[in-house]
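User: I'd like to practise reading a structure feature by feature. Could you walk me through this one?

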Amino acid sequence: MTTRLYSHPIFLEHITPPGHPERPDRLRAIERVLDDEAFATLDRVQAPEGDEATILYAHPADFVARVRASIPDTGIARIDADTTASPKSWQAAITAIGAANAAVDDVFTGRADNVFVAARPPGHHAEKTTAMGFCLFNTAAIAARHAQRKHGVERVAVVDWDVHHGNGTQDIFWDDPTVLYCSTHQMPLYPGTGAKSETGAGNIVNAPLAPQTGSEVFRDAFLSRVLPALDNFAPDLIIISAGFDAHHRDPLAEINLTEDDFDWATGQLMQRATRHSGNRLVSLLEGGYDLQGLAFSVAAHVGRLMKG
(Lines give C-alpha, C1' and ligand atoms only; values in the text may rest on other atoms or scores of the structure.)
Protein backbone atom coordinates (compact mmCIF):
# COMPACT_ATOMS: atom_id res chain seq x y z
CA MET A 1 0.00 0.00 0.00
CA THR A 2 1.16 3.53 -0.78
CA THR A 3 0.28 5.74 2.18
CA ARG A 4 0.71 9.49 2.00
CA LEU A 5 0.98 11.88 4.95
CA TYR A 6 0.04 15.53 4.64
CA SER A 7 1.29 18.02 7.21
CA HIS A 8 2.39 21.67 7.27
CA PRO A 9 4.08 24.02 9.77
CA ILE A 10 1.10 26.39 9.53
CA PHE A 11 -0.96 23.94 11.57
CA LEU A 12 1.24 24.73 14.57
CA GLU A 13 0.38 28.43 14.24
CA HIS A 14 -3.30 28.00 15.04
CA ILE A 15 -2.85 29.16 18.62
CA THR A 16 -5.32 28.40 21.40
CA PRO A 17 -5.38 29.76 24.97
CA PRO A 18 -3.04 28.30 27.62
CA GLY A 19 -4.46 25.06 28.96
CA HIS A 20 -6.71 24.49 25.95
CA PRO A 21 -6.78 20.77 25.03
CA GLU A 22 -6.66 21.40 21.26
CA ARG A 23 -3.10 22.69 21.16
CA PRO A 24 -0.10 22.65 18.79
CA ASP A 25 1.67 20.03 20.92
CA ARG A 26 -0.81 17.48 19.55
CA LEU A 27 0.85 17.67 16.15
CA ARG A 28 4.33 17.73 17.65
CA ALA A 29 3.55 14.44 19.41
CA ILE A 30 2.38 12.95 16.12
CA GLU A 31 5.47 14.19 14.30
CA ARG A 32 7.74 12.57 16.90
CA VAL A 33 6.07 9.18 16.78
CA LEU A 34 6.02 9.13 12.97
CA ASP A 35 9.76 9.90 12.90
CA ASP A 36 10.37 6.28 13.92
CA GLU A 37 12.10 4.13 11.31
CA ALA A 38 8.95 1.99 11.08
CA PHE A 39 7.47 4.87 9.08
CA ALA A 40 10.47 5.45 6.82
CA THR A 41 8.50 4.59 3.67
CA LEU A 42 5.62 6.93 4.49
CA ASP A 43 5.19 9.37 1.58
CA ARG A 44 5.43 12.74 3.34
CA VAL A 45 4.09 15.75 1.47
CA GLN A 46 3.60 19.35 2.55
CA ALA A 47 -0.07 20.23 2.50
CA PRO A 48 -1.14 22.66 -0.22
CA GLU A 49 -3.17 25.75 0.55
CA GLY A 50 -6.80 25.14 -0.26
CA ASP A 51 -9.12 26.87 -2.67
CA GLU A 52 -11.37 29.08 -0.54
CA ALA A 53 -14.23 28.48 -2.97
CA THR A 54 -14.43 24.87 -1.87
CA ILE A 55 -15.56 25.95 1.60
CA LEU A 56 -18.87 26.78 -0.07
CA TYR A 57 -19.37 23.08 -0.78
CA ALA A 58 -20.45 22.73 2.86
CA HIS A 59 -21.02 26.24 4.24
CA PRO A 60 -22.91 29.32 2.98
CA ALA A 61 -21.00 32.43 1.97
CA ASP A 62 -22.28 34.59 4.83
CA PHE A 63 -21.01 32.07 7.38
CA VAL A 64 -17.59 31.96 5.71
CA ALA A 65 -17.48 35.76 5.84
CA ARG A 66 -18.32 35.70 9.55
CA VAL A 67 -15.51 33.27 10.30
CA ARG A 68 -13.04 35.33 8.30
CA ALA A 69 -14.11 38.46 10.15
CA SER A 70 -13.56 36.73 13.49
CA ILE A 71 -9.84 36.19 12.82
CA PRO A 72 -7.91 38.69 14.97
CA ASP A 73 -4.87 40.70 13.89
CA THR A 74 -3.22 39.95 17.23
CA GLY A 75 -3.94 37.78 20.23
CA ILE A 76 -6.74 35.27 20.50
CA ALA A 77 -10.41 35.85 19.65
CA ARG A 78 -13.15 33.73 21.18
CA ILE A 79 -15.79 32.37 18.80
CA ASP A 80 -17.67 30.42 21.45
CA ALA A 81 -16.90 29.01 24.89
CA ASP A 82 -14.57 26.35 23.43
CA THR A 83 -13.55 27.68 20.03
CA THR A 84 -10.96 30.37 19.40
CA ALA A 85 -9.03 31.92 16.54
CA SER A 86 -5.60 33.51 16.29
CA PRO A 87 -3.98 35.49 13.44
CA LYS A 88 -2.91 32.36 11.49
CA SER A 89 -6.10 30.34 12.09
CA TRP A 90 -7.63 31.20 8.71
CA GLN A 91 -4.55 30.05 6.84
CA ALA A 92 -4.35 26.89 8.96
CA ALA A 93 -7.99 26.04 8.30
CA ILE A 94 -7.66 26.72 4.56
CA THR A 95 -4.54 24.55 4.39
CA ALA A 96 -6.32 21.75 6.26
CA ILE A 97 -9.03 21.90 3.60
CA GLY A 98 -6.39 21.95 0.86
CA ALA A 99 -4.76 18.85 2.32
CA ALA A 100 -8.05 16.97 2.58
CA ASN A 101 -9.03 17.81 -0.98
CA ALA A 102 -5.54 16.90 -2.26
CA ALA A 103 -5.84 13.59 -0.41
CA VAL A 104 -9.08 12.89 -2.27
CA ASP A 105 -7.35 13.74 -5.56
CA ASP A 106 -4.48 11.42 -4.65
CA VAL A 107 -6.61 8.34 -4.13
CA PHE A 108 -8.57 8.95 -7.34
CA THR A 109 -5.48 9.54 -9.50
CA GLY A 110 -3.46 6.66 -8.04
CA ARG A 111 -0.79 8.77 -6.36
CA ALA A 112 -1.67 7.00 -3.12
CA ASP A 113 -3.90 4.17 -1.97
CA ASN A 114 -4.73 5.95 1.26
CA VAL A 115 -3.82 9.23 2.96
CA PHE A 116 -3.60 10.51 6.52
CA VAL A 117 -3.95 14.28 7.01
CA ALA A 118 -2.33 15.51 10.24
CA ALA A 119 -3.94 18.95 10.40
CA ARG A 120 -5.60 21.30 12.81
CA PRO A 121 -8.00 22.87 13.58
CA PRO A 122 -10.30 19.84 13.46
CA GLY A 123 -13.62 20.03 11.64
CA HIS A 124 -16.39 17.58 12.47
CA HIS A 125 -18.30 19.83 14.91
CA ALA A 126 -18.63 22.68 12.40
CA GLU A 127 -22.25 22.80 11.25
CA LYS A 128 -23.46 24.51 8.09
CA THR A 129 -23.68 27.89 9.80
CA THR A 130 -21.97 27.40 13.17
CA ALA A 131 -18.30 27.13 14.16
CA MET A 132 -18.04 25.21 17.44
CA GLY A 133 -16.25 22.49 19.37
CA PHE A 134 -12.73 23.69 18.40
CA CYS A 135 -13.81 23.58 14.69
CA LEU A 136 -14.08 26.40 12.15
CA PHE A 137 -14.99 24.57 8.93
CA ASN A 138 -16.06 20.98 8.34
CA THR A 139 -13.08 19.60 6.49
CA ALA A 140 -14.49 16.09 6.05
CA ALA A 141 -17.72 17.40 4.57
CA ILE A 142 -15.86 19.65 2.15
CA ALA A 143 -13.64 16.75 1.08
CA ALA A 144 -16.68 14.54 0.48
CA ARG A 145 -18.27 17.21 -1.71
CA HIS A 146 -14.95 17.71 -3.50
CA ALA A 147 -14.91 14.02 -4.40
CA GLN A 148 -18.41 14.30 -5.81
CA ARG A 149 -17.83 17.51 -7.74
CA LYS A 150 -14.35 16.91 -9.13
CA HIS A 151 -14.30 13.14 -9.53
CA GLY A 152 -17.94 12.38 -10.22
CA VAL A 153 -18.26 10.16 -7.18
CA GLU A 154 -21.80 8.95 -6.54
CA ARG A 155 -21.50 7.74 -2.94
CA VAL A 156 -19.15 8.86 -0.16
CA ALA A 157 -19.08 7.38 3.35
CA VAL A 158 -17.78 9.36 6.32
CA VAL A 159 -16.94 7.16 9.32
CA ASP A 160 -16.35 9.11 12.53
CA TRP A 161 -14.83 7.34 15.54
CA ASP A 162 -14.03 10.50 17.50
CA VAL A 163 -15.39 10.12 21.04
CA HIS A 164 -17.55 13.22 20.47
CA HIS A 165 -20.40 12.98 17.99
CA GLY A 166 -19.77 14.80 14.72
CA ASN A 167 -22.87 16.96 14.88
CA GLY A 168 -21.55 19.19 12.12
CA THR A 169 -21.11 16.41 9.58
CA GLN A 170 -24.53 15.03 10.48
CA ASP A 171 -26.06 18.49 10.07
CA ILE A 172 -24.51 19.06 6.65
CA PHE A 173 -25.54 15.68 5.21
CA TRP A 174 -28.80 15.20 7.14
CA ASP A 175 -31.04 14.91 4.10
CA ASP A 176 -28.49 13.79 1.49
CA PRO A 177 -28.68 10.07 0.61
CA THR A 178 -25.48 10.32 -1.49
CA VAL A 179 -23.40 10.58 1.70
CA LEU A 180 -23.46 7.99 4.47
CA TYR A 181 -22.44 9.25 7.91
CA CYS A 182 -21.59 6.64 10.57
CA SER A 183 -20.46 7.61 14.07
CA THR A 184 -19.34 5.84 17.23
CA HIS A 185 -19.19 8.22 20.18
CA GLN A 186 -19.76 8.48 23.90
CA MET A 187 -23.28 9.43 24.93
CA PRO A 188 -24.13 11.42 26.97
CA LEU A 189 -21.29 13.82 26.14
CA TYR A 190 -20.67 17.03 24.19
CA PRO A 191 -22.32 18.11 21.89
CA GLY A 192 -25.42 16.18 22.99
CA THR A 193 -26.38 14.80 19.58
CA GLY A 194 -25.94 11.33 18.09
CA ALA A 195 -28.85 9.21 19.31
CA LYS A 196 -29.69 6.07 17.35
CA SER A 197 -33.01 7.68 16.46
CA GLU A 198 -31.23 10.41 14.46
CA THR A 199 -31.25 8.83 10.99
CA GLY A 200 -31.61 11.72 8.52
CA ALA A 201 -32.70 10.44 5.12
CA GLY A 202 -31.74 6.94 6.18
CA ASN A 203 -28.10 7.90 5.64
CA ILE A 204 -27.17 8.61 9.28
CA VAL A 205 -26.03 5.69 11.42
CA ASN A 206 -25.23 6.54 15.03
CA ALA A 207 -23.77 4.00 17.43
CA PRO A 208 -23.58 5.71 20.84
CA LEU A 209 -21.36 4.16 23.52
CA ALA A 210 -22.08 4.37 27.24
CA PRO A 211 -19.43 5.93 29.52
CA GLN A 212 -16.82 3.51 30.90
CA THR A 213 -17.26 0.99 28.09
CA GLY A 214 -14.30 -0.20 26.08
CA SER A 215 -13.02 -2.41 23.30
CA GLU A 216 -15.76 -5.04 23.28
CA VAL A 217 -18.62 -2.54 23.05
CA PHE A 218 -16.79 -0.38 20.49
CA ARG A 219 -15.99 -3.35 18.26
CA ASP A 220 -19.54 -4.65 18.54
CA ALA A 221 -20.83 -1.24 17.43
CA PHE A 222 -18.60 -1.45 14.37
CA LEU A 223 -19.57 -5.03 13.58
CA SER A 224 -23.30 -4.63 14.16
CA ARG A 225 -23.99 -1.11 12.85
CA VAL A 226 -21.14 0.62 11.03
CA LEU A 227 -19.81 -2.16 8.82
CA PRO A 228 -23.21 -3.48 7.67
CA ALA A 229 -24.20 0.08 6.76
CA LEU A 230 -21.03 0.45 4.71
CA ASP A 231 -21.63 -2.84 2.92
CA ASN A 232 -25.21 -1.85 2.11
CA PHE A 233 -24.13 1.59 0.88
CA ALA A 234 -21.07 0.40 -1.12
CA PRO A 235 -19.25 3.75 -1.12
CA ASP A 236 -16.89 4.90 -3.86
CA LEU A 237 -14.73 6.59 -1.20
CA ILE A 238 -14.35 6.24 2.57
CA ILE A 239 -13.36 9.27 4.64
CA ILE A 240 -12.46 8.73 8.30
CA SER A 241 -12.98 11.48 10.85
CA ALA A 242 -10.14 10.06 12.89
CA GLY A 243 -10.39 11.34 16.44
CA PHE A 244 -8.37 9.44 19.02
CA ASP A 245 -10.04 10.78 22.15
CA ALA A 246 -11.84 7.49 22.85
CA HIS A 247 -8.43 6.29 24.11
CA HIS A 248 -8.51 5.37 27.79
CA ARG A 249 -5.93 8.06 28.66
CA ASP A 250 -7.91 10.94 27.16
CA PRO A 251 -9.02 13.59 29.67
CA LEU A 252 -12.19 14.72 27.86
CA ALA A 253 -14.18 11.46 27.81
CA GLU A 254 -14.75 8.11 29.46
CA ILE A 255 -14.35 5.44 26.77
CA ASN A 256 -11.55 2.97 27.37
CA LEU A 257 -10.07 2.10 24.00
CA THR A 258 -6.43 1.25 23.30
CA GLU A 259 -4.31 1.80 20.23
CA ASP A 260 -5.08 -1.82 19.25
CA ASP A 261 -8.72 -0.84 18.80
CA PHE A 262 -7.79 1.90 16.34
CA ASP A 263 -5.55 -0.57 14.49
CA TRP A 264 -8.46 -3.01 14.29
CA ALA A 265 -11.01 -0.41 13.19
CA THR A 266 -8.62 0.87 10.54
CA GLY A 267 -8.21 -2.64 9.21
CA GLN A 268 -11.96 -3.15 9.07
CA LEU A 269 -12.45 0.04 7.07
CA MET A 270 -9.59 -0.86 4.75
CA GLN A 271 -11.33 -4.16 4.01
CA ARG A 272 -14.45 -2.23 3.02
CA ALA A 273 -12.39 0.18 0.95
CA THR A 274 -10.91 -2.79 -0.89
CA ARG A 275 -14.33 -4.37 -1.35
CA HIS A 276 -16.22 -1.26 -2.49
CA SER A 277 -13.92 1.69 -3.13
CA GLY A 278 -10.85 0.51 -5.03
CA ASN A 279 -8.82 0.89 -1.79
CA ARG A 280 -9.64 4.62 -1.73
CA LEU A 281 -9.52 5.83 1.88
CA VAL A 282 -8.75 9.26 3.30
CA SER A 283 -8.24 9.82 7.04
CA LEU A 284 -8.48 13.25 8.66
CA LEU A 285 -7.27 13.99 12.17
CA GLU A 286 -10.01 15.17 14.51
CA GLY A 287 -9.67 14.94 18.31
CA GLY A 288 -7.28 13.26 20.75
CA TYR A 289 -6.01 15.27 23.70
CA ASP A 290 -3.71 13.06 25.75
CA LEU A 291 -0.40 13.36 23.92
CA GLN A 292 0.79 9.82 24.60
CA GLY A 293 -2.56 8.23 23.82
CA LEU A 294 -2.82 10.33 20.66
CA ALA A 295 0.69 9.52 19.46
CA PHE A 296 0.44 5.77 20.06
CA SER A 297 -3.02 5.63 18.46
CA VAL A 298 -1.93 7.56 15.36
CA ALA A 299 1.10 5.26 15.04
CA ALA A 300 -1.19 2.23 15.12
CA HIS A 301 -3.60 3.83 12.63
CA VAL A 302 -0.94 4.93 10.14
CA GLY A 303 0.94 1.66 10.55
CA ARG A 304 -2.19 -0.24 9.56
CA LEU A 305 -2.78 2.06 6.59
CA MET A 306 0.74 1.30 5.40
CA LYS A 307 0.50 -2.46 5.89
CA GLY A 308 -2.83 -2.91 4.19
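Analyst: Let's start with the naming: helices (H or I, at least four residues) and strands (E, at least two) are DSSP runs, numbered from the N terminus. With that in hand, asparagine 279 can be placed in the loop between helix H7 (259–276) and E10. Keep in mind that this is a predicted model.

User: What is the phi of asparagine 279, and is the residue buried or partly exposed?

Analyst: The general idea is that most residues other than glycine have a negative phi, and most peptide bonds are trans. Asparagine 279 has a positive phi of about 70° although it is not a glycine. Its relative accessible area is 23%, so asparagine 279 is partly exposed, given that buried means under 20%.

User: And how does phenylalanine 134 read, as buried or exposed?

Analyst: Phenylalanine 134 counts as buried, at 14% relative accessibility. This residue sits in the loop between E5 and H4. Phenylalanine 134 is not a glycine either, yet has a positive phi of about 75°.

User: Where are the cis peptide bonds joining arginine 120 to proline 121 and tyrosine 190 to proline 191?

Analyst: Take proline 121 to begin with: it lies in the loop between E5 and helix H4 (139–151). The cis bond there joins arginine 120 and proline 121, with omega about 5°. As for proline 191, look in the loop between E7 and E8. Tyrosine 190 is joined to proline 191 by a cis peptide bond, and omega is about 5°.

User: On to the sheet. What is the strand order?

Analyst: Strands of a sheet pair through backbone hydrogen bonds, either parallel or antiparallel. Here you have an open sheet of 8 strands in the order E2-E1-E5-E10-E9-E6-E7-E8, and the pairing is parallel. Strand E2 (43–46) and E8 stand at the edges with a single partner strand each, so one side of each is left without a neighbour in the sheet. On average, neighbouring strands of this sheet are turned by 15° against each other, direction ignored.

User: Which helix packs on the sheet and touches E6, E7 and E8?

Analyst: Helix H6 (residues 215–233) does, touching strand E6 (156–160), E7 and E8. The direction of H6 makes about 175° with that of E7.

User: How many bridges join E7 to E8, and is E8 mostly covered or mostly exposed?

Analyst: Strand E7 (residues 179–186) and E8 run parallel and are joined by 6 bridges. To find one point of the register, look at glutamine 186, which stands opposite leucine 209 in E8. Strand E8 (residues 204–209) is mostly covered, with 5 of its 6 residues buried.

User: How many bridges join E5 to E10?

Analyst: There are 4 bridges between strand E5 (residues 114–117) and strand E10 (residues 281–285), and these strands run parallel. Valine 117 has leucine 284 in E10 as its bridge partner.

User: Now the helices. At what angle do H3 and H4 cross?

Analyst: Two packed helices are described by the angle between their axes and the distance between the axes. The axes of helix H3 (residues 89–109) and H4 come within 9 Å and cross at roughly 40°. H3 and H4 are therefore oblique to each other, since angles under 35 degrees count as roughly parallel. Their crossing is right-handed. In the contact, H3 brings residues including Ala96, Ile97, Val104 and Phe108, and H4 has Ile142, Ala143 and Ala147 among its residues. By class, the contact of H3 with H4 has 8 nonpolar, 4 polar and 2 charged residues.

User: What about the angle between H6 and H7?

Analyst: H6 and H7 pack at an angle of about 10°, with their axes 11 Å apart. That makes H6 roughly parallel to H7. Among the residues that meet are Phe218, Phe222 and Leu230 in H6, and Trp264, Leu269 and Arg272 in H7. The contact of H6 with H7 has 8 nonpolar, 3 polar and 6 charged residues by class.

User: Last one: where is lysine 88, and which residues does lysine 88 touch?

Analyst: Look in the loop between strand E4 (84–85) and H3 for lysine 88. Leaving aside residues up to four places away in sequence, lysine 88 touches Ile10 and Glu13. Lysine 88 is partly exposed, with a relative accessible area of 36%. From lysine 88 to threonine 74 the separation is 14 residues in sequence and 9.5 Å in space, C-alpha to C-alpha.

Methods. Residues are numbered from 1 along each chain as its sequence is written. This is a predicted model: local features need pLDDT of at least 70, side-chain atom pairs count only at pLDDT 80 or more; totals for chains, interfaces and linings use all residues. Side-chain values use heavy atoms; hydrogens and water are left out. Buried means under 20% relative accessible area, exposed over 50%, partly exposed in between (1.4 Å probe, protein chains only). Two strands pair if DSSP finds at least two bridges between them. Axes are lines fitted to C-alpha atoms, for helices over the stretch in contact, and angles run from 0 to 180 degrees between N-to-C directions. Contact means heavy atoms within 4.5 Å. Angles under 35 degrees count as roughly parallel, over 145 as roughly antiparallel, 65 to 115 as roughly perpendicular and the rest as oblique. A crossing is left-handed if the near helix is turned anticlockwise from the far one by less than a right angle, and right-handed if clockwise. Ala, Val, Leu, Ile, Met, Phe, Trp, Tyr, Cys and Pro count as nonpolar, Asp, Glu, Lys and Arg as charged, and the others, Gly among them, as polar.
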